[in-house]
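Subject: Structure handover

Hello,

Below is the structure for your files. My notes on its pockets, cavities and salt bridges follow.

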Amino acid sequence: TRDVLLERVRREEAAFLAFSPYVSEECAQLLSEHRISLLDGTAAARRAALPHISGPHQWPGGEADHLRLPQPAFPILRRALENGPVLILVPRSGYIPVLCCTYCGERALCTICGGNLAQRTSREPLRCQRCGVRVQPWRCPHCHNGKLRAVRIGSARTAEEIGRAFPGVGIILSGSHSPEGIIGRVSPRPRIVVATPGAEPEAEGGFAAALVLDARYLLGEGLGAETRFIRVLARVAARVRSAGEGGHMLVAGGAPPALLNRLAQWELGEYAAELLEQRAELKLPPTASWVAISGASGDVRTYLAMLRAALYRGVREEESHLFTQFSREAGSKKWPPENEKETEADLLAGGAFELASGIVLLGPVPGARPGEITVYARAELSRGMTLTRQTRKTYGAYSAQRLGGSLRLQVNPPL
């Protein structure tokens with residue numbers, strides 16, 4: 001959506017405004033190119049608007065408290081409930097969304113499709129979250145024991161635990177799988193709202209406090225994990241009253257203290273710029289253009305042979321040349337430039353090598369689907385448009401000639 005809007009801005013000479021409580025690496029890249037400007041308040045104004053943000057290492061006895069619902073947080077939440085509603089954020093909806101064997105720790109998976117087995121309520125049997133089959137009784141395929149324990153606790157189970165800890169306090173569930181769905185807004189009356197990321201309601205006058213549980217699961221893994229983590233926490237912080245009004249946001253369950261400190265200072269623009277520098281060193285998006293190509297190895301090899309030759313010929317070559325130059329038999333031929341001795345097999349040899357000037361091929365690695373591989377074509381930003389245009393054009397020729405099975409192409413894929 002952002003790329004489409006930016007293209008419209010360029011064509012129509014219009015203004016572009018991105019309103020968000022955080023700064024992504026993509027926006028940081030646009031800032032570094034002076035294509036956009038960051039509208040940010042002064043440090044004093046930001047501090048005045050923010051709640052007090054803290055982690056277990058800042059609570060009395062909190063660092064030694066390894067409970068999911070840390071005891072030092074309870075007095076803070078009780079005081080907050082005297083003045084208004086409290087928000088509790090959990091990573092997943094449901095009752096117990098992820099289970100494993102109590103004895104060997106093996107994840108409880110469906111024997112039909114391999115999906116996670118979960119328990120929706122305390123009274124329901126296990127059910128696969130992918131195909132929906134009910135499993136009762138369950139036996140571990142590895143150690144043959146039948147007892148399960150929770151790996152992650154969902155919002156419904158959390159609401160039960162909170163209800164026991166705060167008897168007499170009203171509790172609301174907000175989430176796509178909750179009985180009442182996603183709640184948009186709540187009154188200033190004291191109550192507890194248990195929500196999942198993206199389903200946090202707004203409170204009239206702001207929440208008196210917020211508690212984020214199981215933060216390690218919010219952090220996740222992979223490229224952009226820190227930004228996704230900051231995005232979730234920033235949404236919560238924006239819904240809590242300022243510290244001057246007594247607002248407090250607590251983050252429990254394994255959040256890195258360094259990330260919490262940046263959030264507490266609201267140095268999100270500076271933090272995004274630092275993450276962008278790290279990506280630039282590794283030539284990762286958005287500082288470089290990537291295209292992922294996934295499919296059966298033989299089909300990927302054939303397609304790469306066409307792409308490599310097309311890139312060498314130049315993007316202005318007529319498409320008809322692709323149709324006449326390649327076939328199943330011709331795909332194994334050697335091609336220019338001069339002094340190049342690689343064959344199609346070398347395209348999947350692994351590692352990284354130059355596919356064409358300024359364009360590097362990386363991989364293969366196992367694909368997301370069984371029996372598939374994925375390779376990545378990486379280009380400098382100056383050649384990014386050339387890469388994306390030519391990969392699309394070459395795939396059109398590959399498909400038209402029916403040289404192999406279908407492939408999946410993705411620009412700047414999750415890494």
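Helix H9 gives four residues to the lining of the second largest cavity, the largest share of that lining. Helices here are DSSP runs of H or I with at least four residues, strands are DSSP runs of E with at least two, and both are numbered from the N terminus. A cavity is a set of points, on a 1 Å grid over the protein atoms alone, where a 1.4 Å probe fits but cannot get out; a pocket is an open set with protein on both sides within 12 Å along at least five of seven lines; and lining residues have an atom within 4 Å of a point.

Before the rest, the basis of the model. This is a predicted model, in which local features need pLDDT of at least 70 and side-chain atom pairs count only at pLDDT 80 or more, while totals for chains, interfaces and linings use all residues. Residues are numbered from 1 along each chain as its sequence is written, and side-chain values use heavy atoms, with hydrogens and water left out.

Confidence

The chain has a mean pLDDT (the predictor's confidence in each residue, from 0 to 100) of 82, and 87% of its residues reach 70 or more. Two stretches stay under 50. Over residues 315-325 the pLDDT is under 50, and the model has 18 contacts (heavy atoms within 4.5 Å) beyond four places in sequence for them. Residues 327-342 are also under 50, with 27 contacts beyond four places in sequence.

Cavities

There are two cavities of 30 Å³ or more. The second largest has a volume of about 40 Å³, a volume being the space filled by probe spheres set on grid points that are joined across faces, edges and corners. Its lining consists of Tyr 22, Val 23, Thr 227, Ile 230, Leu 268, Tyr 271, Ala 272 and Leu 275. H7 and H9 are the elements that give two or more residues to this lining. By class, seven of the lining residues are nonpolar, one is polar and none is charged. The classes are: nonpolar for Ala, Val, Leu, Ile, Met, Phe, Trp, Tyr, Cys and Pro; charged for Asp, Glu, Lys and Arg; polar for the others, Gly among them.

Pockets

The largest pocket has a volume of about 1,400 Å³. It is lined by 36 residues, and Arg 2, Asp 3, Glu 26, Pro 286 and Asn 412 lie nearest its centre. Two or more lining residues come from each of helix H1 (2-12), helix H2 (25-32), helix H7 (225-237), strand S14 (288-295) and helix H12 (384-400). H1 has the largest share, with six residues. The lining divides into 16 nonpolar, nine polar and 11 charged residues.

The second largest pocket holds about 720 Å³ of space. Its lining has 22 residues, of which Ala 18, Phe 19, Ser 20, Tyr 22 and Leu 38 are the closest to its centre. H2 and helix H9 (268-282) each supply at least two of the lining residues. The classes here are 15 nonpolar, four polar and three charged.

Salt bridges

The structure holds 11 salt bridges, each a side-chain nitrogen of Lys or Arg within 4 Å of a carboxyl oxygen of Asp or Glu.

Arg 279 pairs with Glu 25, with the closest N and O atoms 3.0 Å apart. Arg 279 lies in helix H9 and Glu 25 in helix H2, so this salt bridge ties together parts that are 254 residues apart in sequence. Arg 279 is buried at 7% relative accessible area, and Glu 25 is buried at 2%. Buried means under 20% relative accessible area, exposed over 50%, and partly exposed in between (1.4 Å probe, protein chains only).

Glu 274 and Arg 262 form a salt bridge at 3.1 Å, N to O. Glu 274 is in helix H9 and Arg 262 in helix H8 (residues 257-265), so the pair ties together parts 12 residues apart in sequence. Glu 274 is partly exposed at 35%, whereas Arg 262 counts as buried at 17%. Elsewhere, Glu 7, Arg 10 and Arg 11 are joined into one network by salt bridges that share partners.

Within helix H1, Glu 12 and Arg 8 lie four residues apart, about one turn of the helix. Their side chains meet in a salt bridge (3.4 Å, N to O). Glu 12 counts as partly exposed, at 48% relative accessibility, and Arg 8 is partly exposed, at 48%.

Regards
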